Amino acid sequence: MRFLQKLIIGLFLLISVVSCKKETTWDVDLAIPLAKSYLNISNFFGDTIFQADPNGLLHIAFSKDLINYTMDSLVNLPDTTVTLGYSLPFSQALNAGVVIFSNAASTDREIKFDVSNGVELNKAIVRSGYLKVEYANTYNQPLDFNYIINSASLWGNLLTINQTVAGNSSFTKTYPLNGYNINLTGQSGNKVNTLVQTYTISTSPSGVASTLQPGQGLIIKLSFVDIVPEYVQGYFGQQDLSFGPDSTSLGLLGNFSPSNLMLTQSAINFRIINEFGVEMSSSINSMKSIKTSPANVVTLNAGNLLQSINVNRANKTNNPSNPVFPWLKQINVNSTNSNLNPFLQNLPNYLGYSIKATLNPLGNISAGNDFAFYGRGLKVIADVDIPLALSANYFSLVNFSKVDLTQLKELNDVNSCDIIMQTRNNYPFRAQIQGYMLNDQNQIIDSLFVPGQNIIESAITDGNNVVLNYVDSKLIASFDKTKITNLTQCKQIKFVSYLYLPNQPTPIKINEDSYLDLVVHAYLNYNVRAK
Amino acid sequence: MKTRLVLFLILCSLSVFSQYNSEFLNFGQTGRSISINGEYELGSNGIYNSLLNKFIYGGNIDKKTKDASNNSMKALNVMGANMNYDISAFFGRNSKYSYLIGFKDQRIFNAAYTKDFYQLVFYGNKPYLGDTKNLAGSNINSLRFQELKLGFIWHKIDTTAKVGVSISILKGQQLFYVKAKEGSSLYTNSDGTELVFNSDFNMALSDTTNKNNPFAYSGIGASADIFFETPYKGKLGKGSVLTVNANNIGFLHWFDNSVQYSSDSTFKFDGYRIDNLLDLQDSTLSAINRDSIIKTTTNARKESFNVNIPTNLLIINKIQFTNKFYLAVGFRYLFNSNFKPYFFTDAEYHFTPKIIGALHVAYGGYSKLNVGLAFSYVSKSWFFRIGSNSLQGYISPTNTYGQGAFVSIAKKFKR
């Protein structure tokens with residue numbers, strides 16, 4: 001038995017020795033294609049704001065909403081609460097199943113909404129909201145509450161509540177108002193913001209005869225809560241609307257910085273779109289080009305183009321899916337009727353604005369037929385158009401690319417590596433590119449390219465900077481073991497590019513067919529490991 | 001009586017020849033016993049031992065070592081390795097036959113490779129810009145499995161002959177198989193910006209999740225061993241013995257988690273398309289991933305399949321010339337592998353009744369010329385053997401092919 005034990009132990013020792021073999025390694029030289037790309041100007045800026053005109057010239061073209069003022073801001077049906085009920089200061093013997101109160105002849109037939117800003121509504125269709133009813137019966141027998149909103153109908157049926165409230169009980173119920181068409185002209189038909197209600201209180205047939213003691217009875221608290229209209233109609237008053245001073249972020253070209261930029265032309269088309277059924281008078285009092293770094297503000301001077309703009313009312317289409325035919329006014333501000341070139345050459349981060357509008361400047365000329373639909377409103381949109389025919393000494397671009405090479409374990413076995421970028425440049429500018437490796441503290445720990453080996457030469461151009469032919473270049477990023485280690489520790493790469501324009505101040509034109517072909521491949525010395 | 005003695009001596013000395021992966025060959029020497037046996041052989045007819053040693057002992061393969069094999073190899077070469085260890089016992093009370101039970105771990109590796117394949121593996125593709133490297137005919141077949149063996153040996157047939165049979169249940173641990181068929185090649189263009197891979201190949205992998213775990217249960221199979229041995233009187237010497245042994249006759253069934261790849265297409269790779277130079281994170285770098293490259297370039301599928309394990313055939317004819325000197329000639333072949341026909345001769349000398357030495361000279365197999373020595377110690381209670389059929393690999397690794405060693409220890413049961 002001892003022999004067998006020794007045998008087994010010996011066998012395992014032998015297996016262990018065999019299993020503990022060192023790694024086998026050798027070096028190989030690899031040539032590996034990595035990437036290729038056909039880059040246009042969008043790829044440089046990481047944006048999709050470029051559009052070509054019929055002549056092939058690229059434009060920076062984008063739209064920015066300055067105002068989007070919708071119905072819920074213009075007209076608001078406030079939460080409204082009324083209390084109904086029946087009680088007596090003296091005792092009363094009551095049989096079961098008899099009506100003890102009706103508001104048919106009382107003064108609480110109407111409920112009036114306190115609508116702000118002088119808005120006088122005669123009709124509303126509810127999109128969402130509910131009627132909350134709090135019941136409290138202090139009588140010792142059940143009472144029936146029959147309630148009708150005579151002004152609210154859905155598919156021809158009035159809003160009706162029949163509720164039995166058990167003796168000495170209280171509770172709350174809610175009733176949805178979605179889709180109800182509400183007439184707000186009151187009992188007489190010539191009021192505003194007013195609806196009509198009818199209700200009766202009866203002893204329940206399910207109860208027995210009893211005596212209603214002084215102070216006992218039924219208390220009902222009715223609340224119209226969170227009413228969002230789908231449609232409102234009436235007279236919206238002579239409201240003064242003010243938008244700003246405020247600013248809106250452009251979020252464009254934030255990584256882009258020119259030296260001595262000169263645009264040849266530019267335009268902003270202001271579109272005023274009125275989807276309210278109400279006349280207005282408006283003015284765009286101020287437009288500012290705001291650059292935060294370095295701080296600089298340029299105010300747009302377009303004379304009276306943006307002042308005293310009469311805005312007509314929209315019309316109904318009677319098509320529920322698209323109920324409004326909006327009124328549209330366009331005002332074109334360009335480099336000839338304003339200082340728009342300096343305004344845009346400032347490369348703003350934000351557009352500052354101050355806009356005012358007055359509703360119904362001529363009063364209630366619609367005779368209470370102003371209207372508004374949910375989601376519709378007043379919009380002011382700036383359509384910016386900058387043809388890429390421009391001059392500058394250079395542009396600088398800064399981009400950050402997140403990198404996580406921790407999963408690429410093979411990098412640890414690379415002894416050295418040359419990443420070669422072969423380029424074919426059809427753009428009329430020379431590019432100098434450098435990539436800085438940043439650690440998790442955003443500190444630069446290394447760079448990608450050796451200065452002098454990071455130039456993409458400009459295409460060949462004539463004296464007017466018209467491209468005649470492309471030019472090939474080769475960029476080499478050499479990585480030794482240290483640089484590879486830095487690359488694996490790198491969390492992002494900060495790419496800093498300078499685009500140098502030829503023959504300044506002659507403008508260059510960036511056309512749709514301009515391109516930069518890029519082929520990236522690597523020569524690497526790799527340490528193969530085998531167990 | 002004299003004839004019986006001669007025959008007995010012949011049978012005893014036969015088992016000096018080892019490294020043939022069979023328990024039955026030892027029986028004549030050990031009788032009923034418990035033994036542990038280990039053996040390995042490694043060889044190539046294109047790669048020198050100095051390079052192969054790096055795969056055994058580890059270490060860095062320098063350029064000089066790579067160049068030596070590269071400068072001498074043919075267009076198509078073979079390589080193989082077998083490594084086995086086992087514990088087994090012959091037992092029983094009947095005088096005519098004994099039972100066998102054993103456990104064995106086997107690693108069987110064999111490959112064929114073109115010189116171009118060798119160059120790509122050990123030098124990379126950059127030194128061969130503008131060249132098409134031929135891969136056709138290259139293949140790798142690597143198996144590891146464990147077996148539980150049950151059998152018997154009938155050792156009193158016609159008083160002197162022996163017949164042994166065993167069957168084994170196999171537990172598959174790991175399979176790696178790849179074969180590049182006609183037309184397979186890799187072209188790298190003149191500046192390394194384009195690779196063209198003519199990929200006509202099949203590939204099979206067992207469940208890769210636990211390939212290094214010896215207890216991994218990735219497949220199941222069965223095999224059989226057959227052993228036959230008979231003495232006869234020939235024209236030469238005092239007597240002769242003919243031995244025929246075939247083992248590892250069987251197959252392995254790999255389970256559903258096994259993966260098969262096949263490809264018969266031409267892949268041109270000139271880099272991943274990137275649309276944003278400044279966003280390497282999502283597009284380029286994540287795409288440079290070995291697994292994703294395999295998935296996108298091959299028809300990968302998980303399914304079960306069967307493979308035949310390489311079957312070992314051994315034929316030995318041994319002649320006794322004197323009471324102390326024996327000479328054997330033999331032939332060995334491994335089916336389902338890249339093993340070349342292996343012809344050998346063994347000259348054996350009995351220094352004392354207990355100590356035997358043997359000289360082994362052979363040509364073929366995975367390597368070329370092999371020269372080996374073996375020594376045995378045989379007592380009433382113990383049997384030891386140590387030796388190598390390819391000593392040249394240890395003496396001059398820089399210019400020889402093939403190496404191997406074997407060792408056996410047996411404790412004989414009392415009769």
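The questions below concern a small sheet in chain A and a helix in chain B of a predicted model.

Q: Which strands are at the edges of the open sheet β18-β29-β39 in chain A?
A: Strands of a sheet pair through backbone hydrogen bonds, either parallel or antiparallel. In this open sheet of chain A, three strands follow the order β18-β29-β39 with antiparallel pairing. An edge strand here pairs on one side only, and the two that do so in chain A are β18 (262-263) and β39 (508-509).

Q: Which residue of β39(A) is the bridge partner of A389(A)?
A: Strand β29 of chain A covers residues 389-391 and pairs with β39(A) in the antiparallel sense over two bridges. On the β39(A) side, the bridge partner of A389(A) is K509(A).

Q: Which residues of helix α5 of chain B are buried?
A: A residue counts as buried if 20 or more other C-beta atoms lie within 10 Å of its own. Helix α5 of chain B spans residues 115-123, and its buried residues are D116(B), F117(B), Y118(B), Q119(B), L120(B) and F122(B).

Q: Which element of chain A helps cover the buried residues of α5(B)?
A: From chain B, the cover includes α4 (63-72), β4 (97-114), β5 (132-134) and β8 (185-188). The cover also includes an element of chain A, namely β1 (24-39).

Q: What phi does G124(B) take?
A: G124(B) comes just after α5(B). Its phi is positive, at about 90 degrees.

Q: What percentage of the residues in chain B is buried?
A: Chain B has seven helices and 22 strands. Of its 415 residues, the buried ones make up 45%.

Methods:
Residues are numbered from 1 along each chain as its sequence is written. Chains are lettered from A and ligands numbered from 1 in the order in which they are written. This is a predicted model: local features need pLDDT of at least 70, side-chain atom pairs count only at pLDDT 80 or more; totals for chains, interfaces and linings use all residues. Two strands pair if DSSP finds at least two bridges between them. Helices (H or I, at least four residues) and strands (E, at least two) are DSSP runs, numbered from the N terminus. A residue is buried if 20 or more other C-beta atoms lie within 10 Å of its own, exposed if 12 or fewer, and partly exposed in between; C-beta atoms are placed from the backbone. Two residues are in contact if their C-beta atoms, placed from the backbone, lie within 7 Å.
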